[in-house]
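Me: I would like to learn how to read a protein structure step by step. Could you guide me through this one?

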Amino acid sequence: MSEGNGRAPRPLLLLGTGGFARETLELVRAVNAVAPAWNVIGMLDDDPATHGRDVHGVKVLGPCAAVHDHPDALVAACVASPDDPMRRLGLVTRLDLPAERYATLVHPAAVVPASASIGPGSVVHAATVLTADVELGAHVAIMPAVVLTHDDVVRDGVTFGARASVAGSVTIERGAYIGAGALVREKLAVGAGAVVGMGAVVTRPVPSGEVWAGVPAGRLR
């Protein structure tokens, strides 16, 4: 499901040099091992200390705004932080690229049925399972072994830590962050920019902008 399959490798820029970006670089290499799809021409990061460095064989070319110097390259925004859950959407807004400039990257070991939809710029890592009729918006980041079940709706810019599991008919709003190993009960809503802590068990709706943790999960702040 990664764009570029069946064609000559497409040039690709990864935004960020942190853990998420390095994990995504390995995802791209896994895709290319099945069928050459992507030519990673560089990484971009707004930290000047990274410029000119080599990250797993890929050069850091400059700040994120340098995407505009490479109009033929597709882009993946690979930044995420529970301390700033809207960070990725903020970067995308600032760059103001058209949707068609963003790559959709899906690891070959992910399970994605025909009834699922994935928006531009989303990254889906290995062992993730989307069961049926799952809707992912744009710029969604899904770490390994996440399970999203029937009729889940995930809005733009949501991040899932590894092994998070979401029961059916859940709506997760823009920019929410679901921590590693968290569980979300069926038919709930997680509000925009909310953060669900690692290992939390969510049994009630989570309001926008709040941080919830614990078993069962409750409001921290």
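Reply: Happy to. Keep in mind that this is a predicted model. Let us start with one residue and its surroundings: leaving aside neighbours within four places in sequence, serine 122 is in contact with Ala103, Thr104, Leu105, Gly137, Ala138, His139 and Val140.

Me: Where does serine 122 lie? And is serine 122 buried or exposed?

Reply: Serine 122 sits in the loop between β7 (117-118) and β8 (123-124). Its relative accessible area is 0%, so serine 122 is buried.

Me: Which backbone oxygen lies 2.8 Å from a polar atom of the side chain of serine 122?

Reply: That is the backbone oxygen of glycine 137. Glycine 137 is also on the contact list of serine 122.

Me: May we try another loop residue? Where is threonine 149 found?

Reply: Threonine 149 is in the loop between β12 (147-148) and β13 (153-154). Buried here means under 20% relative accessible area, so threonine 149, at 19%, counts as buried. A polar atom of its side chain lies 3.3 Å from the backbone oxygen of alanine 167. Beyond its neighbours within four places in sequence, threonine 149 is in contact with Thr131, Ala132, Val134, Val166, Ala167 and Gly168.

Me: Alanine 132 is on that list. What can be said about alanine 132 and its exposure?

Reply: Alanine 132 has 25% relative accessibility, so alanine 132 counts as partly exposed. Its place is the loop between β9 (129-130) and β10 (135-136). Setting aside neighbours within four places in sequence, alanine 132 is in contact with Pro113, Ser115, Thr149, His150 and Asp151.

Me: How do I compare separation in sequence with separation in space?

Reply: Look at pairs of C-alpha atoms. Alanine 132 and leucine 12 are 120 residues apart in sequence and 30 Å apart in space. For glycine 175 and proline 85, 90 residues apart along the chain, the C-alpha separation is 5.6 Å.

Me: Where is glycine 175, then?

Reply: Glycine 175 is in the loop between β16 (171-172) and β17 (177-178). With 0% relative accessibility, glycine 175 counts as buried. Not counting residues up to four places away in sequence, glycine 175 touches Pro85, Met86, Leu89, Asp156, Gly157, Val158, Gly193 and Ala194.

Me: What should I look for in the inside of a protein?

Reply: In soluble globular proteins, nonpolar side chains tend to be buried together. Here the largest nonpolar core has 33 residues, of which Leu136, Leu148, Phe160, Ile172 and Val190 touch the most other members. A second, separate core of 23 residues includes Phe20, Val31, Leu74 and Val123.

Me: Which residues is phenylalanine 160 in contact with, leaving aside its neighbours within four places in sequence?

Reply: Phenylalanine 160 is in contact with Val140, Ala141, Ile142, Met143, Val146, Leu148, Val154, Val166, Ile172 and Ile178.

Me: How should I read a sheet?

Reply: A useful idea is that in a regular strand the side chains alternate between the two faces of the sheet. In this model, 5 strands form an open sheet with mixed pairing, in the order β3-β4-β2-β1-β5. The edge strands, β3 (54-55) and β5 (74-77), each pair on one side only.

Me: How do β3 and β4 pair?

Reply: They pair in the antiparallel sense over 2 bridges, with β4 spanning residues 58-62. Valine 55 has valine 58 in β4 as its bridge partner. The hairpin of these strands has 2 residues between them, and histidine 56 takes a positive phi near 50° there.

Me: How do β2 and β4 run, parallel or antiparallel?

Reply: They run parallel and are joined by 2 bridges. Leucine 44 stands opposite glycine 62 in β4.

Me: Which helix lies across these strands?

Reply: Helix α1 (residues 19-34) lies across β1 (10-15), β2 (38-44), β3, β4 and β5, and runs at about 170° to β2.

Me: How many disulfides are there?

Reply: A disulfide is a covalent bond between the sulfur atoms of two cysteines. The count here is 0 disulfides. The sulfur of cysteine 78 is 10.0 Å from the closest cysteine sulfur, in cysteine 64, which is too far for a bond. Cysteine 64 counts as buried at 4% relative accessibility, and cysteine 78 counts as buried at 3%.

Notes
Residues numbered from 1 in each chain as written. Predicted model: local features only at pLDDT ≥ 70, side-chain atom pairs only at ≥ 80, totals over all residues. Heavy atoms only, no water. Helix = DSSP H or I, 4+ residues; strand = E, 2+ residues; numbered from the N terminus. Buried < 20%, exposed > 50% of the residue type's maximum accessible area, 1.4 Å probe, protein only. Polar contact = N/O pair within 3.5 Å; in protein donor to acceptor, adjacent residues only side chain to side chain. Contact = heavy atoms within 4.5 Å. Core = buried A, V, L, I, M, F, W, Y, C linked by side-chain atoms within 4.5 Å. Pairing = 2+ DSSP bridges. Axes fitted to C-alpha atoms, helices over the stretch in contact; angles between N-to-C directions. Disulfide = S-S within 2.5 Å.
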